[in-house]
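Work through the following exercises with the sequence and the model side by side, and try each task before reading its solution.

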Amino acid sequence: MANESMTPTPVRRVEARPDAVIESEWLTSLAPVRQLLDEGLDLSRAAVLVGENGTDKSTLVEAIAMAFGMNGEGGSTGAIHTTWTSESPLHDWLQLVRGAGASRWGYFVRAETMHGLFTFLDGTRNEGPTLDPELHRLSHGEAFRTLFETKRFRGDGFYVLDEPEAGLSFTAQLRLVGQLMR
């Protein structure tokens, strides 16, 4: 069995694509976006962005997830669903430096689009056998917690979470931290 610390990190660094045509003045005027484009961002096995509401954390997280190939509204690299197109073009300007031999699996969870993701996942239940419960039949917090307990969050991968604590009680937040550490 491989040493967990030796498992390659799916994404080591996020940086501007050298050939990117950056045409959005409002987006590049945001300090975190400008810093990301100018300096890049080195990622460790777990990276946490913190800051006040409205400081563009979600803009960065969304762009990084989409640059990896994940759906902007949440889901895996194979999820194709949309309720309202509102994503910025930032993901098109980024390149990800991946770890050699690392997993290409990824999953993006964002609190603000969970309802649409749950609708998509519940809709795919008819396409084949699944052990997933019908997420819309659960409370918001139960559905959020249950999603983290599915096969989607087992094994190596690039997991991008935007405000995962939003639907969780304090105890469930602690459980999630423990799960992420494992």
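**Exercise 1.** In which loop does E163 lie?

*Solution.* The model is a predicted one, in which local features need pLDDT of at least 70, side-chain atom pairs count only at pLDDT 80 or more, and totals for chains, interfaces and linings use all residues. Residues are numbered from 1 along each chain as its sequence is written, and side-chain values use heavy atoms, with hydrogens and water left out. The loop that holds E163 runs between β6 (158-162) and α6 (170-181), where helices (H or I, at least four residues) and strands (E, at least two) are DSSP runs numbered from the N terminus.

**Exercise 2.** Classify E163 and T28 by accessibility, and give the contacts of each.

*Solution.* Buried means under 20% relative accessible area, exposed over 50%, and partly exposed in between (1.4 Å probe, protein chains only). E163 therefore counts as partly exposed, at 36% relative accessibility, whereas T28 is buried because its relative accessible area is 15%. Next come the contacts (heavy atoms within 4.5 Å): leaving aside neighbours within four places in sequence, E163 is in contact with A111 and F144. T28, which lies in helix α1 (residues 25-28), touches I22, V33, R34, L37 and W93, not counting residues up to four places away in sequence.

**Exercise 3.** How far apart are the C-alpha atoms of E163 and F68?

*Solution.* These two residues are 95 residues apart along the chain, and their C-alpha atoms are separated by 19 Å.
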